[in-house]
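Below is a set of questions and answers on one model. Please read them with the coordinates open.

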Amino acid sequence: MTTTTPSQISGRPWWRIPQRHVPVLATGALLLVMYAVGVSQYRAFSNVQVIFNVFIDNGFMLVVAVGMTFVILTGGIDLSVGSVVAMTAMVCASLLQAGVPAPLVLVIALLIGPTLGFLMGAVIHFFEIQPFIVTLAGMFFARGMCTLISKSSIPITDPFWTDAAQQRIGDPKGNFVSISVLIAFAVVVVAAYVLAYTRLGRNTYAIGGNPQSALLMGLPVAKTRIAVYTISGLCAAIGGILLSFYTLSGAPLIAVGMELDVIAAVVIGGTVLTGGSGYVFGTVLGVLVLGVIQTLITFDGSLNSWWTKIVIGGLLFAFILLQRLIGIRKK
Amino acid sequence: MSGRQPVLTMTAISKSFPGVRALDGVDFRMFPGEVHALMGENGAGKSTLIKVLTGVYSNDSGTIELAGAEVSFSGPMQAATHGVSTVYQEVNLCANLSVAENIFIGREPRTFGAIRWGEMRRRARDLLARLDIHIDVTQLLGTYSLAVQQMVAIARAIDIRARVLILDEPTSSLDAGEVEQLFRIMRQLRDEGIAILFVTHFLDQVYGMADRITVLRNGRLVGEYPTAELPQLALVEKMIGKDLDVLEGLDEQPKRELAAIEASTPFLRAEQLGRKGSVAPFTMTIHAGEVVGLAGLLGSGRTEVARLLFGADRADHGGVLINGKPSPLRNPVTAIGHDIAFCSENRRTEGLVGELTVRENIILAMQAARGWLRPIPRRRQDELVEKYISALSIRPANPEMPVRNLSGGNQQKVLLARWLITEPRLLILDEPTRGIDVGAKAEIQKLVVQLSDGGMAVLFISAELEEVLRLSHKIAVMRDRQLVTELANDDTVDAVRVMQTIASGTHHEGPNA
Ligand SMILES: Nc1ncnc2c1ncn2[C@@H]1O[C@H](COP(=O)(O)OP(=O)(O)OP(=O)(O)O)[C@@H](O)[C@H]1O
Ligand SMILES: [Mg+2]
């Protein structure tokens, strides 16, 4: 072991949790409490399928939230994701309707989001414009494209899509998840790996910590910044495809305001809005929290579904306060 | 050395910023295996020359040759891959990453693109051990002191197989022991044939380390000299371009009698004031018109004392009397209400707002003290700002310049001006002359004497003993987070005696022991 002197060690006993992990743990604890409440109130809640359904219903959102995590880690924000999700679904639906083969449709759909993200990232970096403004423009652009493609919803009947939508992967007891859930998990695992074990990931944290320092340390700030918006675009595109699996249609006004839910999930998951601190795992928990709230309110049956929003609002507030308190304590 | 080829030659480098010609036709060269000091006043262009060399800024004209081949780096990383490794003036690392990562980010050991964390940590530990720093490298950098952060930045730079190592004011936040540690490494690297560019405002460090000195003044080259052929006085004259009369006159003035000053009720009396884990309870008085020096090694608790007296940290022991009345200092707002001002050592994180202009930054504290509803008339602002810009020779003397664009030393002066302008009754100065050139340092010292003569109480914290000795009426000595003793600064007290007091005691540990 290394020797340390009082002025240098942070004076943390081994059982104390490092402060950077507190938000994630708080989210985890919250999730457990909510689950316990659910189980104690409603007998059916303890059914494993309830949890699986949370994943099935929120798989696309999880993927989008993972992309958002990258952006927020750099201290940026991406407001375009909801519209990009809708646009991707619309593009899929309309191309399939026009008879384009499914594999080609997938490729095209997976290209549009990242391209838009790349362009937004480049504008943000090279023209030094606020990410808020640039991605707001991206949001309007993508939403506009949706209605340009079609003013009304387009159904999807392609066999590949319907297969994907109906495929059930489950255990012998009859519990199951959809393909989307597996894809979402794959995205989570890859993203966690990228953030923890690649230079791109570490540079993302560095830029969020201090962009000026990152530059003077010789890190590729431009590349990284553009990359995170591209990744967010890619995740939104994947999310759009998963959504089209889920709804088997493309609708111009779907996923309106989704970007805000996604940001809420990321923040509740412990990622700090000013960047530099957070984990994909936290984001998974954040999405689950939102999903479980929704499920609880559905189970209740008597509550208006807008209660979801109210609870999310309260939680968001609580978590931002928590981050703030930790930030102050650190000083 | 003369027969050898320079490893680096910069020729006729010019660089302008809007409204400022930071470099004007500067030539600069370095030979392998030398320590080369780059000297000049605050704002002379030292850091700019370094940033042009390493591609942070592009030069308007001039050429850079590295080992005979012309180069033009796109940024610090490319410069590093060509063997030019740099520690910039301010600690430029990421507080939210671990120590190990800060050393290796961008150059992490990898297999198939995957970072090998274990190896990275091990190598970070080894590297820091070379600098005699033994810390947990998995902790976030932000949890360590500025001095440790500075050493980490240096560790990052020396790990790169460099031909040219650039250190822009690396010693400004280090204590004597750490400086010696750094010098040992520098000598070792120099003997390995690395050319080291060294910027500092400590003249004794220059004469202790440098083989050769290049002097800049106002963005122009004054000359390049072997250290042995340039006596200290001549160096200072070349830097400030005039005779040294500003530096004189302080020592001759007799200090006012301590007994006379201390006859009245003290302005502030700290009674067994302390805080767990920060400073052991201490008692201290500061009278109007008195300069109390706070001496001690880095990490001995000097800053912590200041923070307690300013209410920046909450005391959990003892209390404070102001003008004889118990006045708990709960937070900085109450302290400011009692006319206490605190000029922090940490100008980057606690001080200046880079986007605001020099004038706005200077006015900030005064405006806050008056309340935002009573704006200071613009005429008055201009007057005050003008006064302090010239008193502290802030350069460029342009009140409308964003502070971010000022050189490091000039930023420090702006911060000082901000607190001076509020005309506090107790001014706490934590390392006010750090990173400030000789001329301005003397100006600041003179100012402190003037202010205390005018009745201001001053708590003066500095790592430089001479400075403390020159200014203080009495000296409080800190060791291991305790106030060990208070010395009346009379004829019997000199640097040796204070050093002994700092060092004495059976169980003494420096911050890096
Ligand atoms: N980004 C910038 N924009 C505008 N002006 C700048 C910028 N950087 C530096 N300057 C100006 O260039 C001049 C030289 O600054 P520089 O930082 O090189 O000084 P220095 O010699 O390193 O001083 P110090 O000893 O205080 O660090 C100063 O007048 C400064 O105000
Ligand atoms: Mg400088």
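A residue is near a molecule if one of its heavy atoms lies within 4 Å of that molecule. This is a predicted model in which local features need pLDDT of at least 70, side-chain atom pairs count only at pLDDT 80 or more, and totals for chains, interfaces and linings use all residues. Residues are numbered from 1 along each chain as its sequence is written, chains are lettered from A and ligands numbered from 1 in the order written, and side-chain values use heavy atoms, with hydrogens and water left out.

Q: How many residues surround ligand 1?
A: The closest residues to ligand 1 are K46(B), S47(B), T48(B), S407(B) and G409(B). The number surrounding ligand 1 is 21.

Q: Which residue offers a polar backbone atom to an oxygen atom of ligand 1?
A: A polar contact is a pair of N or O atoms within 3.5 Å; within protein, one must be able to donate a hydrogen and the other to accept it, and residues adjacent in sequence count only if both atoms are side-chain atoms. An oxygen atom of ligand 1 is 2.7 Å from a side-chain N or O atom of S47(B), and an oxygen atom of the ligand is 3.5 Å from one in the side chain of E169(B). The backbone case, at 2.7 Å, is G409(B).

Q: What area is buried between domain 1 of chain B and domain 2 of chain B?
A: The domain assignment (automatic or from a database) gives domain 1 as 8–242 and domain 2 as 244–339 + 424–442 + 455–513. In contact (heavy atoms within 4.5 Å) are 21 residues of domain 1 and 14 of domain 2. Buried area is the accessible area (1.4 Å probe) that two parts lose on being put together, summed over both. Carbon and sulfur atoms give 61% of the total, which is about 1500 Å².

Q: Which three residues supply 27% of the area that domain 1 of chain B buries against domain 2 of chain B?
A: The trio supplies more of this area than any other three residues. They are N42(B), D175(B) and H201(B).

Q: How many salt bridges are counted between domain 1 of chain B and domain 2 of chain B?
A: A salt bridge is a side-chain nitrogen of Lys or Arg within 4 Å of a carboxyl oxygen of Asp or Glu. Over all chains the search finds 27. Between these two domains the count is zero.

Q: How many residues apart in sequence are the parts tied together by E34(B) and R212(B)?
A: The closest N and O atoms of this salt bridge are 2.9 Å apart. Helices (H or I, at least four residues) and strands (E, at least two) are DSSP runs, numbered from the N terminus. E34(B) lies in the loop between β2 and β3 of chain B and R212(B) in strand β11, so the pair ties together parts whose separation in sequence is 178 residues.
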